[in-house]
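Dear colleague,

I am passing on a structure that I would like you to look over when you have the time. Please open it first, and then read my notes beside it.

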Amino acid sequence: MYQEFISFVKETFRTEEFIPLHAPVFGGNEKKYLNECIDSTFVSSVGKFVDQFEEEVANFTGAKYAIATSNGTAALHIALLMSGVNRNDEVITQPLTFIATVNAMSYIGAKPIFIDVDKDTLGLSPEKLEHFLTQNTKMVNGECINNTSKRKIKAIVPMHTFGLPLKIDEIVSICNRYNIKVVEDAAESLGSYYKEQHTGTFGLLGTFSFNGNKTITTGGGGMIVTNDANIAQKAKHITTTAKIPHKWDYEHDMVGYNYRLPNINAALGCAQIEKLPEILEQKRTLSNQYQAFFKGTKLQYINENKDSISNYWLNAIVLENLEERNAFLKETNENGVMTRPIWKLMNTLTMHMNAQKGNLENAEWFEKRVVNIPSSAIL
């Protein structure tokens, strides 16, 4: 079976050479816009492409405002600050995520609480969240207080795993009752929709990543989206070192961050987003091919859930057990087809072993079985 899969992937990607997990596609105006940016000499954090890229991402996602940052982790860091998270506050998230999700909390000094994922979305479970909040918290003066730690639970960061939308409307509804701000980690889900609304636009803020391995790339970059004008204005200010505009003077009115996306990266993004509809169409075609291949086999292809449209950023399969997973990883990687296991659970990492958590049976089940397979767009 594994050799059949290797042959299928090489035939699909039309090569006998090494096949990466996810490579960027440059088939549009990338060189043109990069040359234009270089010729302008505005290659750092000021330039027309930054503003243009922000506008195009806002238009594509349906958000009112978009603020470009140097990477997705920076976007999440600022989004958490904008949601009112302070040192020693608590933030709920899922254990099945990339480390950046929890790193952004650690930058602030906030404490993560890990809640399990749903088996049909790989995203944070509304049912498990409701159970945790009902059993472990109380409302005091309009704030959600953890009965165990006595700390405030200020925010939640659900993550749309591999671009598969989670049940975000249910998460928002629950959190509204507990005055917990929703910050969507949509790093992997540009082009994904839940109930016809783009991911990242349900909560108070959402964040995206444009790393080299994402659906579209700026080389390195991120984006904050929100519908709140005041938050958008403050986020742009704080990511630009909190400098007060002036023709020559250097005045800063708060602690700021040098997190603004460089113009040269934004130039790449402007070219990439022009090709986004074509890229998404091709990735769906690849997903359909994988679904057909795995149908009737012992390997389960992870498909989008009902009410969802996934961008299929990374295609994923579920193997029977840990031994089968490891055998699959070994066979494919030794034969030039790059595959990778899902991340280690965040609560098992040294710095988060003592974090509070709920029953994580679904996340633990996935950790032993899920593998990502080649997912590059073929234009």
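What follows is a short account of the pockets, one sheet and the salt bridges.

Please keep in mind throughout that this is a predicted model.

I began with the pockets. The largest pocket holds about 480 Å³ of space, and of the 28 residues that line it, those closest to its centre are Phe-98, Glu-188, Asn-211, Asn-213 and Lys-214. Several elements contribute to this lining, since helix H4 (72–82), helix H5 (99–108), strand S10 (205–209) and strand S15 (340–341) each supply at least two residues, and the largest share, three residues, comes from H4. Sorted by class, the lining of the largest pocket consists of 11 nonpolar, 13 polar and four charged residues.

The second largest pocket encloses about 230 Å³ of space, and it is lined by 16 residues, of which Lys-111, Pro-112, Met-351, His-352 and Ala-355 are the closest to its centre. Here the largest share of the lining, again three residues, is supplied by strand S3 (residues 111–114). The lining of the second largest pocket divides into six nonpolar, seven polar and three charged residues.

Turning to the sheet, you will find an open arrangement of four strands in the order S12-S14-S17-S15, with antiparallel pairing. Its edge strands are S12 (300–301) and S15, each of which pairs on one side only. S12 and strand S14 (residues 315–318) run antiparallel and are joined by two bridges, and within this pair Tyr-301 stands opposite Ile-317 of S14. Helix H11 (residues 322–334) packs on the sheet, where it touches S14, S15 and strand S17 (370–373), and the direction of H11 makes an angle of about 20° with that of S17. Strand S15 therefore deserves a second look in the viewer, as an edge strand of this sheet that also supplies at least two residues to the lining of the largest pocket.Lastly, the count of salt bridges comes to 16. One that I would point out is formed by Arg-260 with Glu-54, whose closest N and O atoms are 2.6 Å apart. Arg-260 lies in the loop between helix H8 (229–238) and helix H9 (263–274), while Glu-54 belongs to helix H3 (residues 48–61), so the pair ties together parts that are 206 residues apart in sequence.

With best wishes

Definitions and conventions: Residues numbered from 1 in each chain as written. Predicted model: local features only at pLDDT ≥ 70, side-chain atom pairs only at ≥ 80, totals over all residues. Heavy atoms only, no water. 1 Å grid on protein atoms, 1.4 Å probe; cavity = no way out; pocket = protein on both sides within 12 Å on 5 of 7 lines; lining within 4 Å. Points joined across faces, edges and corners; volume = space filled by probe spheres on them. Nonpolar A, V, L, I, M, F, W, Y, C, P; charged D, E, K, R; others polar. Pairing = 2+ DSSP bridges. Contact = heavy atoms within 4.5 Å. Axes fitted to C-alpha atoms, helices over the stretch in contact; angles between N-to-C directions. Salt bridge = Lys/Arg side-chain N within 4 Å of Asp/Glu carboxyl O.
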